[in-house]
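Subject: Structure handover

Hello,

Here is the structure I promised to pass on. My notes follow below it.

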Amino acid sequence: MPTPDQTRLDRIVAEARRSAEQRNNGYRERALKLYPWICGRCAREFTRANLRELTVHHRNHNHDDNPPDGSNWELLCVYCHDNEHARQLDHTGVSARSAEDVPAAATSNPFADLKARLQKARS
């Protein structure tokens, strides 16, 4: 019969394994398994010591588009990743993050009959 300490240890180990499995299912972990640890822009190489500086960039800027083959991802260092998003902002005038939340353009024209109103006021 396991002791209370042994049961607690088993629970901790099981929880750690579940957490590791969940992390492995995330798109960053999948991308790190698929691609070499090299920035796709500046070709800087990464090791376990500095891997936190390597990010996953979504090529189409849609963070919900995570195909199993990784075709929407590229690994970029934090500097190149920031540069890519700054380029997107410069090109479109809208950041990739807020592009989905852009309000619809106005469809009415408040000055549509201004000329007629001005002529009516003059007469």
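Among contacts in the protein chain between residues at least 6 apart in sequence, what percentage join residues at least 24 apart? It is 48%. Bear in mind that this is a predicted model.

**Fold**

The protein chain has four helices and two strands. In sequence order they run α-α-β-β-α-α. The chain holds 123 residues, and 20% of them are buried. Its accessible surface is about 9800 Å². Carbon and sulfur atoms account for 52% of that surface.

**Core**

The largest nonpolar core has twelve residues. Its members are Ala 31, Leu 32, Cys 39, Phe 46, Leu 51, Leu 54, Val 56, Trp 73, Leu 75, Leu 76, Cys 77 and Cys 80. Three elements each supply at least two residues to this core: α2 (27-34), β1 (54-58) and β2 (73-77). The biggest share comes from β2, which gives four.

Val 56 is a good place to start looking, as one of the core residues. Leave aside residues up to four places away in sequence, and Val 56 touches Tyr 27, Arg 28, Ala 31, Trp 73, Glu 74, Leu 75 and His 81. Among these partners, Ala 31, Trp 73 and Leu 75 also belong to the core.

**Surface**

Phe 111, Leu 114 and Leu 118 form a nonpolar patch on the surface, about 310 Å² in area. Phe 111 sits in the loop that links α3 (78-92) to α4 (114-122). Is Phe 111 buried or exposed? It counts as exposed because its relative accessible area is 59%, over the 50% cut-off.

**Backbone**

Two residues deserve a look here. Most residues other than glycine have a negative phi. Ala 43 is not a glycine, yet its phi is positive, at about 65 degrees. This alanine lies in the loop between α2 and β1. His 61 also has a positive phi of about 65 degrees, and it is not a glycine either. The loop between β1 and β2 is where His 61 is found. Why does His 61 count as buried? Its relative accessible area is 12%, and the cut-off for buried is under 20%.

**Where to look**

If time is short, begin with the twelve-residue core. Then turn to the patch made by Phe 111, Leu 114 and Leu 118. Finish with the positive phi values at Ala 43 and His 61.

Best wishes

Technical notes. Residues numbered from 1 in each chain as written. Predicted model: local features only at pLDDT ≥ 70, side-chain atom pairs only at ≥ 80, totals over all residues. Heavy atoms only, no water. Core = buried A, V, L, I, M, F, W, Y, C linked by side-chain atoms within 4.5 Å. Buried < 20%, exposed > 50% of the residue type's maximum accessible area, 1.4 Å probe, protein only. Contact = heavy atoms within 4.5 Å. Areas by Shrake-Rupley, 256 points an atom, 1.4 Å probe, with all protein chains shown as cover. Patch = residues over 30% accessible without salt bridge, like charges linked within 9 Å, V, L, I, M, F, W, Y side chains within 5 Å. Salt bridge = Lys/Arg side-chain N within 4 Å of Asp/Glu carboxyl O.
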